[in-house]
Amino acid sequence: MFFKPFVRAIKKRKKKEIVHELGFHEDDQPLEQDLNRTVERIKQELGNSPDVIIRTFRMDIRPHQRVAVIYMEGLTDIEKVNDFVAHSLLFKQNEKENENESSMSSDPQRIFDVILNRALTVGDAKYLNNWNVMMHALLSGDIAVFVDNCEGCIIGNLRGGERRPVTEPETEVNIRGPKDSFNETIGTNISLIRRRLKSPNLWMESMRIGDITQTDVSIMYLKGIAEDRLVEEVRRRLKDIRIDAILESGYVEDLIQDQTFTPFPLVYNTERPDVVAGNLLEGRIAVLVDGTPNTLILPTTFSQFFKAAEDYYQRVEFTVFMRLIRYFGFFVVMLLPSMYIAVTTHHHEMIPTPLAINLLAQREGVPFPVFFEAFLMEAAFELMREAGTRMPRAVGQAVSTVGAIVLGQAAVEAGIVTAMMVIVVSFTGIASFTMPGFTLTTSARLIRFPMMIAASTFGFYGIFMCTILLVAHLTSLRSFGIPYLSPFAPFGFKHQKDAVLRAPYKTPATRPGLTGGRQEISNQKDGVPSSDQNDQTSEGVKHDT
Amino acid sequence: MTLKKGFLALMMVCLLPLTGCWNYREMNELAIAIAMGVDKVQGRDEYNISFQVVNARDIAGIKATGRIPVNVYSGKGKTLLEAVRKTSQKVPRRINTQHMRVFVIGEALARKGIEEVFELMERDPEPRLTTRVFIARNSDAATILKTVTAVEAIPANAILGKLKITGRVLAESYETEMDDVIRGLMIKGGGPVISGIKLVGKGEAGEKISNVEQTEPPTDLYTSGMALFKKGKLVGWVKGDKARGVSWINNKMKSTIVNLDCETKKDAISIDIIRSNSKIKSEVKGEQPLIRIHIKEIGILGEALCPVDVGKSAEIRKLEQQWNEETERNVMAAVQTAQKLKTDVLGFGAAVERANPKAWKKMEKEWDRIFATCRVEVKVESTIRRTGMVSKPYLYEEKK
Amino acid sequence: MEKAKISPGQLFILILLFDMGTAILRVMAMSAGKDAWLAILLGTAGGLAIFWIYVSLYRLYPELPLTGYIRAILGKGLGWPLGLLYILFFIHGGARDLREGGDLLISSVMEQTPIIVVNAVMVLSIVYVLNKGIEVVARTAQIFIMTIAILGFLSIFLLLFAGVIDISRLLPVMGNGLGPVIQTTLKQTIEFPHEEVICFAMLLPYLNNREKGIRAGFAAVLTSGLLLSFSTALNIAVLGIDIAGRSTFPLLSTIRLINIGEIIQRLDVFVVLTLIVGDFFKVAIFFYAAVLAAADLFRIKDYRQLVLPIGIIILFVSMMISSSFIEQIEEGDVLLVTVFLWFGVLIPIFLLAAAGVRKWFGSRP
């Protein structure tokens, strides 16, 4: 909290300078009439960058007026420019428009009408007369058509260039279910969602955030299902953002979450369009950010991180079983190493006798105390994991093999660590991969270390006190006014249908409490008690900085 | 603010491991005492405590050194705790009794009285009340603990295994846990029943690992009968049928073999009991209480060494009748022994209390006298359910 | 004042945890012998009556906490000092339970750790949670009641399977007649733990549903009485009256007897968790009542400022309160029929009577 105003101050100062340097004008400026001056100005504002392509020519209908098509190389689909713009403007006119020449020559401005209505074969094209909007469109990959001595220009959407195709999701892998995932283009991402929800109620709002990056950010929700107040709140928080750059949805997440300092993620993110669609149907709101496949979903709850998209496609029995396994996995990651420390250093009486003798035998001659041993191995595991994420793919195999063999087997054989510790650590490691909401695993991995310290100091007392504090912290968290731990605390019996369990679709289901009017609609997922709803959202508003 | 607070909290968390070594004990700082023995020091009012401490490496099979699997350490003291602490002069590690499974009391001490022994066991948080208690028959506890056994590397486990199996298939002794003993000590006019463990062979030879390097160890430990106590003092041993009778009355009968007579041969038919349940009820008429023991048991025909046609249910009825009588004989033998020793190890007093608390109030003080003369009725209902894999024995066919 | 609200369900859970907090661990009503469970059951009826007094006062002054209506009934001159005494009472109650929990924990599993450290960790944790408000306390309780319920069911199940339960140890019922049972009921089980529920007189104004909340409160008192009675009966049936009567921590001794096939055994951790959670919420509620009372009396807008100071006071009072565990228990028995009786029962009865008189005189003209 206390360094935030400081950052704000820096940003404000910077913004003004940059605005002047880069020539982004605050006010609405009309375009130049003279084509040469327009071209010069564009060149100047973009610092004579060579990727600005300016193509000037004369149309047959108006030989005395020069026409210029300006676009950015790489952002615009050049083939389409050639086909639909240059071709239609240069050639088609010859045949059709000669008869009307006389009538047209009277008003130079009318040429835009002709281009827009009869010549230009681009679907999304419009006339505008605003320098800033034009510049932004140009930088987004649109083409701009200027005519000499005419006010304004025509903007055509021929965005294209190199893009990653829609591929299989890389982080959220499913066995059953759709295999497409978002890519870096917001338009594609929106289309992927719309394709799933063919409803006129799927509403979307766009805004640009980031003083320099001018990143497109869109809010998506289902009108009538998402609560209006919630939409308003999201809109407000997004509008309040003052920052230079939004390069990824993580920036947005950090700026709109309810509480900054907590190890738990308060906004869900996914790269799967089917997950977004499902959440929209539950009354949640999606925030899409251009330039990243990770879409934000809010508000979120703790239980959401244990739900895989596949849960809704698989059989109910299997789903419930898998969810139980995931919850178990979460507790293993958080508690197993500390439990092991507590049992072997404080509560020897709780180990069954044969195991106690076995452990004692393993411990003979190990030079480190259990706590240090555990810390060492956990740190080694985290190192390997980080190395595995960052290293070039080509050496991946080598590192994991070396890591497993050297650190595991060799350490045990040398008598540096006990075999049991290696089992505990690797089991913890495996369990950490069970959660679909990867961000929550990171929380558990972080919390594990203070837990280990508490366990080595106070044994089970320390672990239990830490757990109580942790639960208290979790219950105090809210994501856009929704209690994070719902529907467990506050407990909502109705909403248990999609928390740990998942009721079959045939059972009548209620929509989660965060939705607006219609509660008893079709078959829904997830639940947040509605009883708490009223004053919470408003409270969430107050907490916001 | 939050950052500052968080930083402070983090600092405090980091400081914790520096301060706390209060209860932190590594496994390899401990000597796990798997069994404990208590004896009376001859001629002095002191206790001698022995611990059987495991050498974990040699048992778990990791880095085995081939040394003996357990060592025995002992110490003397006026109180048990003092004696325990005195052993620290001999043991390189802290003795930990959390994993104690066997508790042996020497017979000499048992005859003098064991009331004091269990005080520490109840008070100290380390020992568990589920520890099984034994009386070292005709020897002291230390000798028992020192004996190396075959099959099970840890002698305590061997003793325990023998007791468990005996209790489960023969019922001539049964498991007694510390809490049973403590409850037993509180019985008015009675006492606990504790199983005996007997050293067979030469004592000293059993202390070496060479003892188990023979197919039949020259020195070994056997379970042997049960010790009957009165007010914490050992007053007598029961064995065989009488011990079985005690098991029956105390509802500890799980399984045993009862031999029945045949027309041609005595003790020729073995019945294998698979389930038994007994209830003690009491009626008080005037001064004298009447105790009713009701036993229901189910068994199978285990062996028939004479020509008997067990394919007929009439024959089975006869066997059941015989079995009833045999059971009653065993039970009455146990009752008579207890009455002769004037110790209510059979829980008759509790039955009287349940039936008539007011009358019990009067009898309470003189219960051992009343117990010795009270009338006992035994009613047995037995059922032979099956005859095993065959009906008539081949001996029956042979005779024809 | 805090704006937070608690639901009837949450009140139920808080009262349940509060009533059972330390009571379920301790030996209760042992002077009634084998009929301890019966005495507790009878005591529960008394407990319901006591709770009725609090509820009647709450119905008269639904917006005010205990310290608030004391002043409304008795006037400022008399009510303010009495409120001050209640603050001390709550602090003392919290300190006693803190000490008791710490002592039990140390004597059973962490014998080498100094009690001040154990208590300080507990108090600091409670300070953190109370800073977050009563809602967070209630929701945390919801999570832990589920955990404890699961452990409880599992324990009963395992005790049954281990075959250590012997119902005949509970017989004969009322072997010594009704006398000792009634005596124990009057002396002990009515008062403990039911008169400590006075803490909730500070919390009742936070209820978001008055009538349902009151019903939930009665249900909680009744349920906790039944559970306490059951657990006492279980202890006696497993350990026998002698061992259970002597034991400082009978529940632990009971659980330790579970031994199924030498594999399922050593389940002490169940009891340790119950002890820690129960003690946590019991102290937390005493603590919270003290903080609220102080905030109300001294007109402090944000009660959070008081949490840490009062926490430190509770910590040190818990250290000074007695020199040993024995003294603690002895004092407890005396306090139960003196201080706790006055503050928990007699003063509320008097307040109710005074309020009744006030209303009667007030409504006549």
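**The B–C contact, the nonpolar core and a bent helix**

In this predicted model, chain B and chain C bury about 2400 Å² between them, of which carbon and sulfur atoms give 48%.

Reader: Which residues of chain B lose the most area to chain C?

Author: The contact draws 25 residues from chain B and 29 residues from chain C. On the side of chain B, 27% of what is buried comes together from three residues. Those that lose the most area are W22(B), R128(B) and R183(B).

Reader: With which residue does K34(C) form a salt bridge?

Author: Between chain B and chain C the count is 3 salt bridges. For K34(C), the closest N and O atoms of the pair are 3.8 Å apart, and a salt bridge requires such atoms within 4 Å. The partner of K34(C) is E353(B).

Reader: Which helix gives the largest share of the largest nonpolar core?

Author: The largest nonpolar core has 281 residues, and F264(A), F103(B) and L66(C) are among those with the most contacts inside it. Its largest share is 24 residues, contributed by a helix of chain C that covers residues 268–297. That helix is α12.

Reader: Is α16(A) largely enclosed or largely open?

Author: Helix α16 of chain A spans residues 438–458. Of its 21 residues, 16 are buried, so the rest of the structure surrounds most of the helix: α16(A) is largely enclosed.

Reader: Where does α16(A) bend?

Author: From first C-alpha to last, α16(A) reaches 31 Å, close to the expected 30 Å. The helix nevertheless bends by about 25°, with P450(A) following within four residues of the bend. The bend lies at R448(A).

Methods. Residues are numbered from 1 along each chain as its sequence is written. Chains are lettered from A and ligands numbered from 1 in the order in which they are written. This is a predicted model: local features need pLDDT of at least 70, side-chain atom pairs count only at pLDDT 80 or more; totals for chains, interfaces and linings use all residues. Side-chain values use heavy atoms; hydrogens and water are left out. A nonpolar core is a set of buried Ala, Val, Leu, Ile, Met, Phe, Trp, Tyr and Cys residues joined through side-chain atoms within 4.5 Å. Buried means under 20% relative accessible area, exposed over 50%, partly exposed in between (1.4 Å probe, protein chains only). Helices (H or I, at least four residues) and strands (E, at least two) are DSSP runs, numbered from the N terminus. The expected span of a helix is 1.5 Å times one less than its number of residues. The bend at a residue is the angle between axes fitted to the seven residues ending there and the seven starting there. Contact means heavy atoms within 4.5 Å. Buried area is the accessible area (1.4 Å probe) that two parts lose on being put together, summed over both. A salt bridge is a side-chain nitrogen of Lys or Arg within 4 Å of a carboxyl oxygen of Asp or Glu.
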